[in-house]
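Visitor: I would like a close look at one part of this model, a turn between two strands, and then a careful walk outward from there to the other places worth examining. Please take the rest of the structure in whatever order makes the picture easiest to build.

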Amino acid sequence: MLLTSRRLRAALLTGASATLIAATLPPPVPLGIGDPLFPHLGNPGYDVLSYDIAFTYGGSNSKPLDAVTKIDALAKERLDRFNLDFARGTVTSVEVNGDRADFSSTGEDLVVTPAEPVRRSGPLSITVKHTSDPAAKAGGDSGWVRTRDGLAMANQADAAHRVFPCNDHPADKAYFTFRVTAPEGMTAVANGLPAGEPVSASGHTTWAYRTGHPMATELAQVSLGRSTVVHRKGPHGLPVRDVVPTADRELLEPWLKKTPGQVEWMERQVGRYPFETYGLLVADAETGFELETQTLSLFERSLFTRRRFPAWYVDSIMVHELAHQWFGNSVTPRTWSDLWLNEGHASWYEALYSQEHAGRSLEARMRSAYMQSDGWRADAGPPAAPKPPAPGQKISLFRPIVYDGSALVLYALRQEIGEDAFGKLERQWVRDHRDATATTRDFTGLASRLAGRDLSGFFQKWLYGEKTPPMPGHPEWRSGQAPAKG
């Protein structure tokens with residue numbers, strides 16, 4: 001609680017403090033936490049504990065939404081000024097610990113100067129009133145995705161700050177509450193579970209959702225549309241809810257009903273599902289990708305309706321995004337160079353599921369990846385030391401080396417330490433780092449401990465080498481050589 005006397009003192013001193021700070025602080029500049037690939041992402045000086053974000057949708061997905069973002073954080077150092085990531089909206093006011101604050105923009109940062117410096121280890125409560133603009137911008141990498149009848153989010157790798165002010169780096173996970181107001185006839189759904197019943201008034205309805213576990217900003221999801229929410233139960237009574245265009249409810253049911261069995265299969269591989277709910281958000285939009293937004297994975301409608309892919313392939317993509325709930329969402333990469341841990345594992349379980357359920361040989365897929373691996377490394381760098389993406393196109397980080405090129409590392413590891421040790425490693429990895437962030441070094445260290453021997457030489461070659469090492473158990477495999485026909 002902020003005492004009235006402090007508020008009064010701050011109000012009396014605002015003018016003098018602002019003048020003094022302005023005179024002593026350097027000009028505002030974009031900051032960052034020093035990610036090896038994206039040095040300007042994230043912001044130093046504080047740790048976000050929670051976000052409470054309110055959106056008001058007017059009914060047009062080409063017009064800005066009114067929004068209020070409240071952030072509760074902890075200052076890790078004295079803060080005379082701090083930055084938030086925010087790039088696509090108009091800010092009308094900022095408050096810090098209950099007092100009006102000065103603000104300006106530089107690059108893709110919102111620079112905030114509080115009326116009084118925030119003490120180290122002190123609470124940092126921020127309220128930003130702003131708009132959130134879904135209109136596409138040249139060179140922009142997602143954020144809001146405009147669907148046929150509304151909006152959805154696609155924030156990977158760093159597009160959350162094109163939707164709301166935040167500390168837009170996966171190293172700073174936080175709890176989220178979303179409050180979404182939309183005209184009657186629309187349905188709003190977000191990460192987590194409902195926080196109370198929807199409230200209707202004056203032709204509008206407000207929904208509230210809250211996550212039960214911390215989440216990276218890149219995994220935030222809000223869906224607005226003329227949608228139906230389909231409920232069913234998964235393993236252990238897990239609430240499974242899918243969000244689909246109302247007109248496609250029956251058409252999509254053959255796919256939707258597969259999710260409980262897929263969750264059960266993943267639990268047999270790595271242990272209990274880590275969150276409070278799961279489901280598919282099927283959006284009528286062409287994104288060119290599917291996305292593992294936490295508890296509510298985003299899928300293009302066309303994946304299920306155009307019949308351009310065989311059923312086994314669609315199943316495998318569903319499992320890929322589901323596997324991310326463990327690998328990437330519950331256990332989140334500390335830096336973007338650790339991305340291989342997300343995509344390599346999701347690709348691994350995608351391939352393993354296809355082998356068990358559709359007879360698609362895992363070994364054949366891995367040999368094909370081995371054949372191409374040297375080329376992938378030359379193009380994009382080794383799995384744990386990827387080259388930076390193209391300027392202004394952070395999504396181009398998602399190249400073959402982080403998918404099958406990284407699943408290949410896991411295959412080699414299983415070959416090296418055996419299936420039993422590998423299975424134990426996978427289960428302990430997601431258990432030890434649940435709801436946290438982790439690094440490549442954490443993974444390699446755990447693997448060595450469980451194997452009972454130092455695997456640093458193995459990992460150095462497989463994760464950082466310019467060339468693909470020999471495959472354990474398959475000395476005949478050659479990168480660049482087509483597998484023999486059998």
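Guide: In this predicted model, strand 4 and strand 5 make a hairpin that leaves two residues between them, and Asn97, which sits in that turn, has a positive phi of about 50°. The two arms of the hairpin, strand 4 and strand 5 (residues 99-100), pair in the antiparallel sense over two bridges, and within this pairing Val96 has Asp99 of strand 5 as its bridge partner. Strand 4 (residues 91-96) also pairs with strand 8 (residues 123-132), again in the antiparallel sense, over five bridges. In that pairing Glu95 stands opposite Thr127 of strand 8.

Asn97 can be set beside two other residues with positive phi. Ser202, which is not a glycine, has a positive phi near 55°; this residue belongs to the loop between strand 14 (199-201) and strand 15 (204-210), and Ser202 is exposed, with a relative accessible area of 74%. His236, also a residue other than glycine, has a positive phi near 60° and is found in the loop between strand 17 (227-233) and strand 18. At a relative accessible area of 54%, His236 is exposed, because the cut-off for that class is over 50%.

A further strand pairing involves strand 12 and strand 16 (residues 222-225), which run antiparallel to each other over four bridges, with Gly225 of strand 16 as the bridge partner of Thr187. In a regular strand the side chains alternate between the two faces of the sheet. In strand 12 (residues 187-190) both faces are covered, since Thr187 and Val189 on one side and Ala188 and Ala190 on the other are all buried.

Strand 16 also leads to the enclosed spaces of the model, where the count comes to three cavities of 30 Å³ or more. The largest cavity has a volume of about 80 Å³, and of the 15 residues that line it, Asp149, Ser223, Ser227, Val282 and Ala283 are the closest to its centre. Strand 10 (151-154), strand 16, strand 18 (239-245) and strand 19 (280-283) are the elements that each give two or more residues to this lining. Sorted by class, the lining of the largest cavity holds nine nonpolar, four polar and two charged residues.

Strand 10 is in turn one boundary of a loop that reaches to strand 11 (175-183), and His169 lies in this loop. With a relative accessible area of 1%, His169 is buried, and when residues up to four places away in sequence are left out, it touches Ile33, Asp35, Leu41, Gly42, Thr217, Arg334, Thr335 and Trp336. Ala157 lies in the loop between strand 10 and strand 11 too, and the peptide bond that leads from Gln156 to Ala157 is cis, with omega near 10°.

On the helical side, about 540 Å³ of space lies in the largest pocket. This pocket is lined by 23 residues, of which Gly288, Phe289, Glu290, Glu321 and Tyr403 are the closest to its centre. Helix 5 (311-324) and helix 6 (339-358) each supply at least two residues of the lining, and the largest share, five residues, comes from helix 5. By class, the lining of the largest pocket has nine nonpolar, five polar and nine charged residues.

Helix 6 brings us to helix 8, since the buried residues of helix 8 pack against helix 6, helix 7 (362-380), helix 9 (419-432), helix 10 (440-451) and helix 11 (456-464). Of the 14 residues of helix 8, 12 are buried, so this helix is largely enclosed by the rest of the structure; among them are Asp404, Leu408, Tyr411, Arg414 and Ile417. At 1.5 Å a residue, helix 8 (residues 404-417) should span 20 Å, and its end C-alpha atoms are indeed 20 Å apart. After helix 8 comes Gly418, which has a positive phi near 95°.

One contact between helix 7 and helix 8 can be followed residue by residue, starting from Ala369, which is found in helix 7 and counts as buried at 1% relative accessibility. Leaving out residues up to four places away in sequence, Ala369 touches Trp376, Asp404 and Leu408. Ala369 and Asp404 are 35 residues apart along the chain, and their C-alpha atoms are separated by 6.1 Å.

Note on methods. Residues are numbered from 1 along each chain as its sequence is written. This is a predicted model: local features need pLDDT of at least 70, side-chain atom pairs count only at pLDDT 80 or more; totals for chains, interfaces and linings use all residues. Side-chain values use heavy atoms; hydrogens and water are left out. On a 1 Å grid over the protein atoms alone, a cavity is a set of points where a 1.4 Å probe fits but cannot get out, and a pocket is an open set with protein on both sides within 12 Å along at least five of seven lines; lining residues have an atom within 4 Å of a point. Grid points are joined across faces, edges and corners, and a volume is the space filled by probe spheres set on the points. Ala, Val, Leu, Ile, Met, Phe, Trp, Tyr, Cys and Pro count as nonpolar, Asp, Glu, Lys and Arg as charged, and the others, Gly among them, as polar. The expected span of a helix is 1.5 Å times one less than its number of residues. Buried means under 20% relative accessible area, exposed over 50%, partly exposed in between (1.4 Å probe, protein chains only). Contact means heavy atoms within 4.5 Å. Two strands pair if DSSP finds at least two bridges between them.
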